[in-house]
Amino acid sequence: MYTSARPTATSLVHRGATANLSQAIYLFDTSATPYIKPCAGYLLAHRPGLSSRRQFTTTPRPQLQKKYFAPAKTENIKITPPAWHHPIYTEQQMNAIKVAHRETKTWSDWTAILMVRLLRWGMDIATGYSHPNDEARKQGSYLGLAKIRSWFGRSPMTERKWLMRFLFLESVAGVPGMVAGSVRHLHSLRRLRRDNGWIETLLEEAYNERMHLLTFMKMAEPGRFMKLMIIGAQGVYYNAFFISYLMSARTCHRFVGYLEEEAVLTYTLAIADIDAGRLPKWQKLEAPEIAVKYWNMPENRRTMRDLLLYIRADEAKHREVNHTLGNLEQKLDPNPFVSEYEDPSRPHPSKGIENIKPTGWDRKEVI
């Protein structure tokens, strides 16, 4: 989408590098670890002479733009706009987003949160996540996981490691909405009954997560090892979620709700790192143009921090949507996020975040 857009994030790369993608840092840290790190990141501007034995991006520089964001060659079509236009978020609404957790009440909830713990543990290892556990708990993490001593060692989270985590996270985050939407679509066709508005919201969620991925792809490209991990994770995740959704759609929506709680926490910690000055290269980094157009970012709010605020708000919305859908009758209730209400003056679910409810809406509140 917006394939002809050119990124503004030029400060991350050295002179002569492609404007929209950052280069890799070295794979081997001979002074600290004797083993191979599975992924590398991008080259920071203050180390222009640094060479890499294995690059986070494996595509030659001239091919990066052509390979991933090549403009369509057509005579009549100027641009292809997004299928779903993003709602407008205000700065006050985005700053009001908080880390939250819905208490487990049923066996379905416990099953969902245990699966999230397992997935979070694997993702922390795969992406080298090493944020202090005490800080995570202060921000509201309820997983109780020990601090990960991953392949990346004990180094703090850097711009490179955050980008790797974002890329891996968003590459699989678009799976649940697509699976759930397709399953409900097939159910509607097979049963000859309408779906009551669920399909559109689920597909829009998957589309939104993919836009997150495309935005981060404007800043860095995964290397071969990361691509292999993404393919493996997506293959297992898609099929497992498909079978699980056929067995218990309610549990799957609760699972996604808890997963989005962790996504909100992840972006909250990244924003906190920027505010604390631990990510100096992101202090004044501008968001890629694809993000500016998709989120309709105001001219004075287009930094990397602003971008993370928008994405965190999206994840908070997915958290609300899936916890709410997990509270409803899966085959009978209409989708409250696209419905018209008898009394519009009362707070109710919507596509925006003006009435967002972190732990979801109870069925009696909306149905």
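Colleague: Among contacts between residues at least 6 apart in sequence, what share joins residues at least 24 apart?
Modeller: This is a predicted model, so the answer describes a prediction. Contacts here are heavy atoms within 4.5 Å. Among those in the protein chain between residues at least 6 apart, the share that joins residues at least 24 apart is 78%.

Colleague: How many helices and how many strands does the protein chain hold?
Modeller: From the N terminus on, the elements run α-α-α-α-α-α-α-α-α-α-α-α. The strand count is zero. The helix count is 12.

Colleague: What percentage of the residues is buried?
Modeller: Buried means under 20% relative accessible area. The protein chain has 367 residues. The buried part of them is 53%.

Colleague: How much of the accessible surface belongs to carbon and sulfur atoms?
Modeller: The accessible surface of the protein chain comes to about 17,900 Å². Carbon and sulfur atoms account for 56%.

Colleague: Which residues gather in the patch of positive charge on the surface?
Modeller: One of them, Arg193, sits in the loop between helix 6 (175-191) and helix 7 (198-217). The patch consists of Arg190, Arg191, Arg193 and Lys331.

Colleague: Is Arg312 buried or exposed?
Modeller: Arg312 lies in helix 11, residues 304-325. Its relative accessible area is 7%. The cut-off for buried is under 20%. Therefore Arg312 counts as buried.

Colleague: Which residues is Arg312 in contact with, leaving aside its neighbours within four places in sequence?
Modeller: The C-alpha atoms of Arg312 and Lys98 are separated by 9.5 Å, although the two residues are 214 apart along the chain. The contacts of Arg312 beyond those neighbours are Met94, Asn95, Ile97, Val264, Tyr267, Thr268 and Ile271.

Colleague: How many salt bridges does the structure hold?
Modeller: Side chains of opposite charge can pair when their charged atoms come close. The pair of Arg254 and Asp109 is one of the salt bridges. The structure's total is 15.

Colleague: How far apart are the closest N and O atoms of Arg254 and Asp109?
Modeller: These two residues form a salt bridge. The pair links distant parts of the chain, with Arg254 in helix 9 (residues 249-275) and Asp109 in helix 3 (residues 107-127), 145 residues apart. Arg254 is buried at 3% relative accessibility, and Asp109 is buried at 3%. The closest N and O atoms are apart by 2.9 Å.

Colleague: Which residue meets Arg184 in a salt bridge?
Modeller: The N to O distance is 2.8 Å. Arg184 is in helix 6, and its partner, 11 residues apart, is in the loop between helix 6 and helix 7. Arg184 is buried at 9% relative accessible area, and the partner is buried at 11%. That partner is Asp195.

Colleague: In the salt bridge of Asp273 and Arg278, which residue is partly exposed?
Modeller: The side chains meet at 2.8 Å, N to O. Asp273 has 2% relative accessibility, so Asp273 counts as buried. The other residue has a relative accessible area of 44%. Partly exposed lies between 20% and 50%, so the residue is Arg278.

Colleague: Which residues do salt bridges that share partners join into one network?
Modeller: The network rests on shared partners. A salt bridge needs a side-chain nitrogen of Lys or Arg within 4 Å of a carboxyl oxygen of Asp or Glu. The joined residues are Arg120, Asp124, Arg165 and Glu262.

Notes:
Residues numbered from 1 in each chain as written. Predicted model: local features only at pLDDT ≥ 70, side-chain atom pairs only at ≥ 80, totals over all residues. Heavy atoms only, no water. Helix = DSSP H or I, 4+ residues; strand = E, 2+ residues; numbered from the N terminus. Buried < 20%, exposed > 50% of the residue type's maximum accessible area, 1.4 Å probe, protein only. Areas by Shrake-Rupley, 256 points an atom, 1.4 Å probe, with all protein chains shown as cover. Patch = residues over 30% accessible without salt bridge, like charges linked within 9 Å, V, L, I, M, F, W, Y side chains within 5 Å. Lys, Arg positive; Asp, Glu negative; His and termini not counted. Charge placed at Lys NZ, Arg CZ, Asp CG, Glu CD.
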